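Please take me through this model in the viewer, stop by stop. Tell me what to select next and what is there.

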Amino acid sequence: MASTGFFSSSIGKKYLIGLTAIFISLFVFTHMLGNMLLFVSPEVYNGYSHKLLTNPLIVLIELFFLALFLTHVLYTIKTTLENKEARGQRFTITTSGAKAVTFSSKTMIYHGALIFVFLVLHLLTFKYGQIYEATYNGVVMRDLHRLVIEVFQIPSYVVWYVIAVFLLGLHLHHGVQSIFQTLGFNQPRYTPAIRKIGLTYAWVVAIGYMFQPLYVFFFYQQ
Amino acid sequence: MLKLDSKIPGGPLEQKWETHKFQMKLVNPANKRKYSVIVVGTGLAGASASASLAELGYEVKTFTIHDSPRRAHSIAAQGGINAAKNYTNDGDSVYRLFYDTIKGGDFRAREANVYRLAEVSNSIIDQCVAQGVPFARDYGGLLDNRSFGGSQVSRTFYARGQTGQQLLIGAYQAMMRQVGLGTIKLFNRREMLDLVTVDGAARGIITRNLVTGAIESHVADAVILATGGYGNVFFLSTNAKACNGTAVWKAYKKGAGFGNPCFTQIHPTCIPVSGHYQSKLTLMSESLRNDGRVWVPKKVGETRPPAEIPEEDRDYYLERVYPSFGNLAPRDVSSRQAKFACDAGRGVGQSKMAVYLDFKDAIKRLGKAKIEERYGNLFQMYEKITDENPYEVPMRIFPAVHYTMGGLWVDYNLMSTVPGLHVLGEANFSDHGANRLGASALMQGLADGYFVIPYTIGDYLVGNKLPKIDASHEAFRAAEAEAKARTQKLLSIKGSQTVDEMHMKLGKLMWDHVGMSRNEAGLKKALIEIPKLRDQFWQDIRIPGEGMELNQELEKAGRVADFLELGELMAHDALHRTESCGGHFREESQTEDNEAKRDDENFAYAGVWEYKGQGKAPELNKEQLVFERIHLATRSYK
Amino acid sequence: MSDKSINLTLKIWRQKNANEIGHFETHPVKDISTDMSFLEMFDLLNLHIIKAGGVPIAFDSDCREGICGMCSMTINGNPHGPDRETATCQLHMRRFSDGDTIVVEPFRAKAFPVLKDLCTDRSSLDRMIAAGGFVSVNTGSAQDGNALPVPKQDSDLAMDAAACIGCGACVAACKNASAMLFVSAKVSHLGLLPQGAVEKERRVLNMVAQMDKEKFGSCTNTGACEAACPKAIKMENIARMNRGFFSASLTRR
């Protein structure tokens, strides 16, 4: 029997989703750390974004991440549709008690979809949003700090943002440890540790993101 | 009169099989694909035969009653499989395995067959290991052995408590490999309803497609039945629900002699019956007797819970009566002693129909962890069923029907009295005589399938010029019509009793009169009662639904209808055999201390029954057993 | 042991055959001894149905001791019922309380079409074995069983995976109807042993290809399979298969 290509097999597709997820997970972590610069000073905050934006490789990197995101999204949609087809008629009741599974693991596609919507809006709001300028030491740069402060004064946006990053936490809650399983790392000796690290990672990222809007909304004074 | 030619090759015992293999005609490799073989059943014997024959190049069609061939009841064997490897250096040899098996069978098996079985036992282990059967190993990476009832050497290979499962999966995988290669055509959810003979030779079968209800014909050059035993005639047994005697019974009615139908094995260590609607009995592996001690209270009518009964009030009866084998006495002996204890009013549990199997001493000696390692899954199973923790409370066990040594008579080539009809595994009468030793059923099933039939079937196929026929042959048309008519008849009765109710009644009759101990009056009663029940069945059975659909009541009804005839034949056989031997205990034939008394002068033969037609008494034929090597002795485990 | 008896209401999936649309049917069942197994309770119910002139509920079962893998039934959403490491036939009524309502469905999945009521066709599992779940060794060509030592740990791990009974609960439990646990158990069982390691690349490629062909879903690591497995087959096997599949895909020619 001829076997099909790796990436068209069910395991290959999962590999692709897992591999892209590694980069995305690392990305959301570093992004979260960058956000924390808000607590240092507007200058540092804007300087950091300026450094990123003026990097000559930025276009390539952005394209790379765009490809990652799209691959992750398209392949999850594809497998979800296939999985739905494979399930056929659904059960009237789902597993429960000793046979229950975590909420996050069975709802990945839903929070994933919401996170994707959030991502698009997020880009529109910030990356492609209002452009203010600031000058530090004679260098003119985008004043992202001001935009952030403005946006996070809007209650509805704060609520939406907090919910979205909570969903991101939920997504990573299952996602991070799941990457290891998919790529083939599971052994009783270290899997419990992976599980703990994965959960910690997920919620550190999510809560980290919440700092910025909540701080701005409740405590920031112009 | 049947022509019973056992075809035992000449020469000394040790060389018979070797000589025979050389003397048999061979089929040219290129010609093998021109021969087709039907295999019915996919247990150890059927799956191994299918795989081996397909590997040789024959065109194989394999049938299973289940949704998957892996479900066959061989899967439930727990304890292990014997082989004369002597890896343990404790004095085992092919000859000793042969001797133990003949003796264990109470000298009612054919020497040459049993010797061959012992001889190929080692190849079976090799074959299974090569297939990836995960037998238990020690830290050096080599195979581990344990001891088993009826033997004083450790020769049993095992895979936790799931040896049957692992061996079956090995054979199943070998078979599925051939299915994948297209050399085996697999038919699942098919039940064999009849054997078709043309010019006296077996040429095919009639099956019912259990999903659609269609009655189908399948033609071949030879037919192999590997359909297991008929222990379910007792309703309650350790057999699976689908185990039945229909295939062998239909073959019997088409002229195959039925050997020793009364030889049934009652297994000593089963979980006792707990309620009226109990559907089957669960076996606890005999290996438990390696460490468990069997006892009952000394006092009749004892009411204290087991923990409060002091040592001096306990009767470890197996150790007392059989000091050298103790708790490892063979199955028939152990079962009978349990029955005696219960009959004497010393049984335990609510029903008083059980004895204790106590691990207290073993846990003290080896620690709970060791016991858990050895029997963990069995203890767990026991607790699930009974809601009692056997680490703390002794298990309650009672004998239950487990295996049928009887079956279709076969010659040395495993061919029945119908040319071309070969019978393997538990379905044949062969190697276990009147009692089977533990861990020998798996050995026999695989020996037949892997190492005997692939040699002998070729000899039959080249030696007989068979006419070319297809399913349009009148014999097939007639058999199909008959099968359809029977189905219609069953469906048309629309009486008031369900199949299970009838089956339970038959089971009780069989257990009471053709069970663990038998006597003339009881057997005569059974011979009156069974036909009456059969008449009732054909007048009052209720089968809902239709024929052309998945209809489980209809399936069961066909099987019970055959059991109602087979049970009668068992009673005939038990009645005629006035000696006690192995699993067949006639109360009239016992020694002063209640041990079975064999009668070699009058009964050293296999009783082979011949069907003489509806309503006519079956006729007894005898294959005299000749013991060239082994001196017939009273079996003693004392 | 107890003599307790309970009354239950059962909502059971009825479907005449593969082509017709099914529905739930409600049956009250009275005086169920708590020592009965779940299947014996069905026997009793069927007895009542037949006596009342109805058509009994078709359900699969055989060994009734948890080893053949024939019994199925999804009980209140859980394949093989509420307990871990338990097949439906080993589930006892003492696990339920008087007055409970129990919903019973077949082992649903696209790859397991319903044949009738609670019976499904699971031959897709067999076809995956036929695609590669074996060691290619013909009868008679084996060397001595002790010629090749197998580290006890490997042998034990292989046995853990080989304990699979092929019931399909993993597929039923999985929201994606994925057969990864089943396939990976076989890939692990044979791949861990030196006898089976020879063709492990070929095996994993072929079995996964067949799995995809049978239209099972893919694994999203929810762990429902492991929780539902009556033989406690671990997801570790799936990880092992994923590794094996990746390296086999890299090295295949």
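Select B:Asp106. This is a predicted model, and B:Asp106 is buried in it, with 26 other C-beta atoms within 10 Å; the cut-off for buried is 20 or more. Now check the backbone. B:Asp106 has a positive phi, about 55°, yet is not a glycine. Show its surroundings: the residue sits in the loop between α4 (94-104) and α5 (111-131) of chain B.

Stay in chain B and select B:Asp387. Its phi is also positive, near 65°, again in a residue other than glycine. Is B:Asp387 buried or partly exposed? B:Asp387 has 13 C-beta neighbours inside 10 Å, so it counts as partly exposed. Look for it in the loop between α11 (368-386) and β16 (395-404) of chain B.

Next, the sheet. Select β17, β11, β19 and β20 of chain B, in that order across an open sheet of four strands with antiparallel pairing. Go to the edges, where β17 (407-408) and β20 (619-624) of chain B stand. Each has a single partner strand, so one side of each lacks a neighbour in the sheet.

Zoom in on β11 (residues 258-259) of chain B. Two bridges join this strand to β17(B), and the two run antiparallel. Pick B:Phe258: opposite it, in β17(B), stands B:Leu408.

Now add helix α16 (residues 552-576) of chain B, which packs on the sheet. Which strands does α16 touch? The contacts are with β11, β19 (605-610) and β20 of chain B. Turn the view to compare directions: that of the helix makes about 145° with that of β19(B).

Move to chain C. Colour domain 1 (5-115) and domain 2 (123-139 + 146-251) separately; note that domain 2 is given as two segments. Their centres, taken over C-alpha atoms, are 29 Å apart. At the boundary, 19 residues of domain 1 of chain C are in contact with 18 residues of domain 2 of chain C. Colour the domain 1 side of that boundary by class: eight residues are nonpolar, seven polar and four charged.

Finish with chain A. Show the cartoon: eight helices and two strands. From the N terminus, the elements run α-α-α-α-α-β-β-α-α-α. The C-alpha trace spans about 65 × 40 × 35 Å along its principal axes. Of the 222 residues in chain A, 30% are buried. For a last view, draw the contacts between residues at least 6 apart in sequence: in chain A, 77% of them join residues at least 24 apart.

Definitions and conventions:
Residues numbered from 1 in each chain as written. Chains lettered and ligands numbered in written order. Predicted model: local features only at pLDDT ≥ 70, side-chain atom pairs only at ≥ 80, totals over all residues. Buried ≥ 20, exposed ≤ 12 C-beta atoms within 10 Å, placed from the backbone. Contact = placed C-beta atoms within 7 Å. Domains from an automatic or database assignment. Nonpolar A, V, L, I, M, F, W, Y, C, P; charged D, E, K, R; others polar. Pairing = 2+ DSSP bridges. Axes fitted to C-alpha atoms, helices over the stretch in contact; angles between N-to-C directions.
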